[in-house]
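Hello,

Here is the structure I promised to pass on to you. Please open it alongside this message, and then read on for what turned up.

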Amino acid sequence: MSLQMISAINNSSLIQPGFSLLNFDGQVFFFGQKGWPKRSCPTGVFLLDLKKNELKLKPAFFSKDSCYLPPLRYPAVCALRGRIEPEKCQYVIHGGKTPNNELSDKIYVMAIVCKSSKKVTFKCTEKELVGDVPEARYGHTINVVHSRGKSMSVIFGGRSYIPLGQRTTEKWNSVVDCMPHVFLVDFEFGCCTSYILPELQDGVSFHVSIARNDTIYILGGHSLENNIRPPNLYRLKIDLPLGSPAVSCTILPGGISVSSALVTQTGDKEFVMVGGYQCDNQKRMFCNTITLEDNNIEIGERETPDWTPDIKHCKIWFGSDMGNGAILLGIPGDNRQLISDANYFYILRCRGTREDEEEMAQTCSQTSTEDPGDSTPFEDSEEFCFSAEANSFDDDDIDTYNEDDEEDESETGYWITCSANCDIDINTWVPFYSTELNKPAMIYCSNGNGHWVHAQCMDLSERMLIHLSEANVKYFCNEHVDLARGLQTPKKVLPVKKQPMKPLRRKTSMKIATPVKKSFLRRLFE
C-alpha cells in the first residue's frame, strides 16, 4: 500500500466531507460539493482531473431532458450495470443532505449520453417509486443484487430527522437511526417493498455493505441511540423467483467494531477496508482484507500504509473510493493555509503493482462523512464511507471551474436584516412555520432588483406562505407594497368633457331673407 500527497490546484474548498466520486469508463467525476452550484458549473458535477500529482475540477454538463440534481452529501451511491449491455455503467443515488440540511427521499439515475475529448454530458433521471418508499435519510447504503436473471437494489440503514410530531424547539434538528428495515427496489417497475427481519433489531448508520451476486454483507456501523459500534456482521440473502422475493438474514461471527470505514475493490472477490472510527474521538488506523466466496466471508489484517504525521494527529478524515484499489483521502487544513476551509488530499493505493495502480476501472458501494463544522465530534456528527477512482486525463483544454467568477455570498443568506423591524437572530431563532427545519423561511420581494425578506417579519401566515411559494405571482414586502401598487396602478384621470353635437336641420325649399343692418335702412330712407 502506498500513500501519495497531491495538490489541489483550484476550488479545493468545494471538496468537503460527504462528497461522492462516480467512475465512468475510467473517468472519475466529483459530486456533492459544499454549497449550492453556481453559474460556472450549474450541474454541481465535475470531472476530477488528476495529473502530475495535481488535482483540478472541470465542469460537467447535463442534457436538456435531465431533471435537476441538488448537490447531495452523505447519499447512498452504487453502480448499476445493464444485463444487455454490462459495459455501460449507470449510477444510482439515493437520499443525502442538501446544503440547507434538508434530507432527500428521492432516487436518481445518472448515465453518460455524450462524451468527447472536451466535454462530457450526463443525463439524470428521477425515478418514481410506489409501495413502501423509504423515508428521507443519509449515512445509509444501497447495493444491487442479481438472482435468477433478475436484479434489484437494496437500501438499508441510515439516519433521519425525528418525526414532526415529536419535535420541540430544543430537538428540532435532532436525528435518529432509521428503523432496521430492508427495502427492495425494482427499477423496472418502480416498486418498493420493505422487509422486517428478526435478526436486525437496531438501526445502524455509516456501516460497510459489500454485495456479490445475490448476497450482501453488512459490517460494523454506529447505533446513535446507544452511542455504540457493535461488531455487527450480517449476511442478507436475496432470492428473486418468479413470485415474491425472499429475504433472509444470518448473523455471522468475526465482525469488527468500526464505523465510517472506507472500502475499495482490489479483485473479483477481494476488497480492502481502510480507516474509520473505533470509538468517539479516535480514528481506526488499521486496514483489513475482505475476501468473499460463494457463501462465506473472510476478514484478515493487512499491512497499514506509512501514515504521515498530519494524518496521525488529525481528528477527522474523509474521502471516497476511487475504484480499482485507489482511495482519495482528505484531512482538514491548518491555520497556516490561506483558505480557511481548504483541506489536504492524499491518494492511497491498495494494490501492489504499478500496472494495477494504472488500470483503475471498477467501482464500489459507499456512504460518506459529515461536515465537521456542522457537527459535534465524530459519531454525533456524520461519518463516512466512500466511492470513486483515480485517473489521469489528457483534456487540458477543458475549462476548469473558476470560483473567482462567482458573486460573494458571504454577506447574504438567511441571517440578514430584512427590514427595520427584523429581529431574526441566528442565536435566538426558533422555527415558526412547520416547513422550517434549521433556517427561517424567506420570500423574494420583486421591487427594483429584488431582495429576500423573512416570511415571519412580513407577518405572513403559513397558508399564505405556501400559496405564494406555489403560485407564479410576484410578491412585494411590507416596505415596498405601497410603492409597487403606485407603480402598477395608473393614476385616475378625469374624463374629457365633450360638447354635445347640434342636431342637423333638414333643408327646405323656402328661402330665408338675409338680415339687413339698421344703418343701411336708415341711409335708404333719408
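Below I go through a few residues, one group at a time.

Before anything else, please keep in mind that this is a predicted model.

**Two residues with positive phi**

Let's begin with the backbone. Phe206 is not a glycine, yet its phi is positive, at about 55°. You will find Phe206 in the loop that runs between strand S17 (191–195) and strand S18 (208–212). Is this residue buried or exposed? Phe206 has a relative accessible area of 0%, so it is buried.

Ser260 is another non-glycine residue with a positive phi, here of about 60°. Its place is the loop between strand S21 (246–251) and strand S22 (262–265). Ser260 counts as buried because its relative accessibility is 0%.

**A tryptophan in a loop**

Next, have a look at Trp429, which sits in the loop between helix H2 (354–359) and strand S31 (442–445). The relative accessible area of Trp429 is 14%, and the cut-off for buried is under 20%, so this residue is buried. How far apart are Trp429 and Thr169 in space, C-alpha to C-alpha? The distance is 9.6 Å, although 260 residues separate the two in sequence.

**The annotated binding site**

The UniProt record, an unreviewed entry, has a feature called "binding site". It is placed at Cys418, Cys422, Cys445, His451, His454, Cys457, Cys477 and His480. I picked out two of these positions for you.

Cys445 is part of strand S31. With a relative accessibility of 0%, Cys445 is counted as buried. Which residues does Cys445 contact, once neighbours within four places in sequence are set aside? They are Gly450, His451, Tyr475, Phe476, Cys477 and His480.

His451 belongs to strand S32 (residues 451–454). Its relative accessible area is 24%, and partly exposed covers values between 20% and 50%, so His451 is partly exposed. Not counting residues up to four places away in sequence, His451 touches Cys445, Cys477 and His480, along with Ile443 and Tyr444.

Putting those pieces together, Cys445 is in contact with His451, Cys477 and His480, and each of these is also listed in the record's "binding site" feature. His451, in turn, touches Cys445, Cys477 and His480.

If you are wondering where to click, Cys445 in strand S31 is one place to begin, and His451 in strand S32 is another.

Enjoy exploring, and best wishes!

How values were computed: Residues are numbered from 1 along each chain as its sequence is written. This is a predicted model: local features need pLDDT of at least 70, side-chain atom pairs count only at pLDDT 80 or more; totals for chains, interfaces and linings use all residues. Side-chain values use heavy atoms; hydrogens and water are left out. Helices (H or I, at least four residues) and strands (E, at least two) are DSSP runs, numbered from the N terminus. Buried means under 20% relative accessible area, exposed over 50%, partly exposed in between (1.4 Å probe, protein chains only). UniProt positions are given in the numbering used here, feature names are shortened, and annotations may be inferred rather than shown by experiment. Contact means heavy atoms within 4.5 Å.
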